[in-house]
Amino acid sequence: MSTHPPILQSLIANRWIGANAGRRLASAVNGKPVALTHADEIDFAESLHFARGQALPALLKLDFQQRAATLKALAAYLMERKEALYAISAHTGATRPDSWIDIEGGIGTLFAYASIGRRELPSSNVVHEGPAQQLGKAGQFWGSHVLVPKRGVAVHINAFNFPMWGMLEKFAPSFLAGMPCIVKPATATSFVAEACVRMIHESGLLPAGALQLIIGGSGDLLDRLEETDVVTFTGSADTAAMLRVNKNLIARSIPFNAEADSLNCAILAPDVTPDDAEFELFVKEVAREMSAKAGQKCTAIRRAIVPAKHIDAVAAMLRERLAKIKVGDPSIEGVRMGALASKDQQSDVAERVALLSAGNEIVLSAKDGFAPLGEGVGEGAFFAPTLLLCRKPMQNEAVHNVEAFGPVSTLMAYDDLDEALALAAKGRGSLVGSVVTKTPAIAAQAVFHAAAFHGRVLVLDRDAAPESTGHGSPLPQLKHGGPGRAGGGEELGGLRAVKHYLQRCAVQGSPTMLTAITGEYQRGAKVQEDVVHPFRKHFEEIQVGDSLLTHRRTVSEADIVNFGGISGDYFYMHFDEIAAKDTQFGQRIAHGYFVLSAAAGLFVSPAPGPVLANYGLDTLRFVNPVAIGDTIQARLTCKRRIDRGNRPDQPPQGVVAWDVQVMNQRGELVASYDILTLVAKKAA
């Protein structure tokens, strides 16, 4: 009894659609059918209507902190079920380490953005992008910037090589920003994305419609988008160029962010010799980028730029290393490189290798005994590691323009560092470049030039190597994207990615109005003072603007002497009266850190209470000196509150940032800073 492969379905308006069989999707390993796309048409008007009318309001009922908590819960949910995803991912031709990048790399990005949201975003839907600027002489007219959710939909069009990571690394920051997402994976590996979205939908953790999935074509979706929407794309430079000129996107000024394949390079610096550890590091890095994911990475090293005097030595070492890599069915023990994603991809890479081979030497190819391991692999999409050598890269344009998206790289010879950097620039914009050197001055020179043409530069030496994540590894904390051919876009980069899905707006008004708008106290705004000390209030009772004006303290010489004895700080400005007279202050002054300590003594409520800990101090400035005999006074005001929810491993609490101003007897500001405290909640 024959069994038919399952029909993949789209998740549209919170329901799964797709009953009629469409395109057959085959295993990259043995050519057997894995799934069928659906032939049912998708109503994109309904999809967008549901996203705007149902998902968006539900997302905006949550704040940044709550959405961050949802991301963390979702990441944990997927991690518990990862083995099912590994089993499906194997059909893409990926080895277990390849799938780890896609599956656990994607889940790790969810965890990373949950952490970023918890650490860096408020418990509201308005981000104050300060500091505020005084616009009027009297101090009652100020301006600043705020970031708010765009009130639109994020459309993410992804590539075939990382069907899960590519989806989740875009979803995480857009969801955190409060935008519902419509995801369109590349069809060839869409069965992995569909499996992941099914898990997410079954979790029930997301508001209905917060994540929709398209299997197949995107139809007229882009034509229906509005000014508040965003489109992101990962794939070929040619496809990016076609999509970005969509008439509707242009007419409505809809942001289009592209991350395209590029001819990334790695430079072996001229200071490195075959006797150096960096020489072997370079060879290992090139070999790893050629074999990981069978070279199907937008960050893979396509051009290995090597001093002419070492080009043959590098070619020999690289050939030897690549020849040892076992290629075949990833389920076979010892196999380190799998297949390309599809037979179409196999044909495309072969055509491009033929173009690259013209006028160049072939160091290693399928003719050198390529025989993938496993049953039925003849029907798979395997491709031999292929290494080319171009001795005159300045005279060969193909090596700088043609990309074979597979286990293919070209060695290029250069005479000096300037020529190496010129060769790197001939890629016309790349996602990443590497410089392998043992000399800091060379690294500085190389990065200064390469940074103009690359989105990221890895400097690799023997010190960094043990901890390096590698040339081809985008990290959530760092920008991913590059200029020119690489698409000109930007993804990841920590909080930067979230801001792409928020709208920046300049705001002007009085300090009191800015405080209300931003949810963050602005100096000069009206404050609330009452008989209860702010440190005696639980988190729920504290409001932005709650303030305490302390009693006064006159600074004596004994204070300075005692503080110097305790701290060991006997700097001449505090103890040498003659030397101090020759300074701009004309007299001895108190230690800045004594002023901080004295201010704490003025505003701290010492008895046990809701304040659990003081864990930080930000924006410290010593504005004016405090001399012997000066009298200081402090004003403590609640600047902002962040409710981080209730965690099982901690007592219920929130974070309160307090604005502190320390003034002298003339009302002049002498010290300014923020104190961060953990404050207990009333109830569990």
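Two strands count as paired here if DSSP finds at least two bridges between them. I kept that in mind while going through this model, which is a predicted one.

**Entry 1: the five-stranded sheet**

I started with β25 and β26, which pair in the antiparallel sense over ten bridges. I looked up one residue to see the register: L636 has V660 as its bridge partner in β26. Stepping back, I found that these strands belong to an open sheet of five, ordered β23-β25-β26-β27-β24, with antiparallel pairing. At its edges I noted β23 (547-554) and β24, each of which pairs on one side only. From one strand to the next the twist averages 25°.

Then I checked what lies over this sheet. Helix α20 (residues 592-603) lies across β23, β24, β25, β26 and β27. I noted its direction too: α20 runs at about 120° to β23.

**Entry 2: the largest pocket**

Next I went to the largest pocket, which holds about 1,100 Å³ of space. Its lining is made of 42 residues, and I marked H128, E520, K639, R640 and D674 as those nearest its centre. Several elements give two or more residues to this lining, among them α4 (96-120), β5 (127-128), α15 (495-499) and α16 (511-518). Strands β24 (611-622), β25 (631-643), β26 (653-663) and β27 (669-680) are also on that list, so my notes on the sheet carry over to this pocket. Which strand gives the largest share of the lining? I found that β27 does, with five residues. By class I wrote down 18 nonpolar, ten polar and 14 charged residues for the pocket lining.

**Entry 3: the seven-stranded sheet**

I then turned to another open sheet, this one of seven strands in the order β15-β16-β17-β14-β13-β18-β19, with mixed pairing. Why is one side of β15 (361-364) and of β19 (454-460) left without a neighbour in the sheet? Both stand at the edges and have a single partner strand each, so nothing in the sheet sits on the other side. Neighbouring strands here are turned by 20° against each other on average, direction ignored.

At the β15 edge I looked at the pairing with β16 (residues 386-390): the two run antiparallel and are joined by three bridges. L364 has L387 of β16 as its bridge partner. Towards the other edge, helix α14 (residues 440-450) lies across β18 (430-436) and β19, and runs at about 170° to β19.

**Entry 4: the cavities**

How many cavities of 30 Å³ or more does the structure hold? I found five. The largest cavity has a volume of about 70 Å³, and its lining includes N158, W165, E169, K170 and C298. Helix α5 (residues 165-176) gives the largest share of that lining, four residues. I noted four nonpolar, four polar and three charged residues by class.

The second largest cavity holds about 50 Å³. Among the residues lining it are L263, R302, E403 and V408. Strand β17 (residues 408-414) gives the most to this lining, with three residues. The classes here are six nonpolar, two polar and two charged.

**Entry 5: one residue, A45**

Last, I looked up A45, which is found in helix α1 (residues 44-60). A45 is partly exposed, because its relative accessible area is 32%, and partly exposed covers what lies between under 20% for buried and over 50% for exposed. I also checked A45 against L431: the two are 386 residues apart along the chain, and their C-alpha atoms are separated by 35 Å.

How values were computed: Residues are numbered from 1 along each chain as its sequence is written. This is a predicted model: local features need pLDDT of at least 70, side-chain atom pairs count only at pLDDT 80 or more; totals for chains, interfaces and linings use all residues. Side-chain values use heavy atoms; hydrogens and water are left out. Axes are lines fitted to C-alpha atoms, for helices over the stretch in contact, and angles run from 0 to 180 degrees between N-to-C directions. Contact means heavy atoms within 4.5 Å. Buried means under 20% relative accessible area, exposed over 50%, partly exposed in between (1.4 Å probe, protein chains only). On a 1 Å grid over the protein atoms alone, a cavity is a set of points where a 1.4 Å probe fits but cannot get out, and a pocket is an open set with protein on both sides within 12 Å along at least five of seven lines; lining residues have an atom within 4 Å of a point. Grid points are joined across faces, edges and corners, and a volume is the space filled by probe spheres set on the points. Ala, Val, Leu, Ile, Met, Phe, Trp, Tyr, Cys and Pro count as nonpolar, Asp, Glu, Lys and Arg as charged, and the others, Gly among them, as polar.
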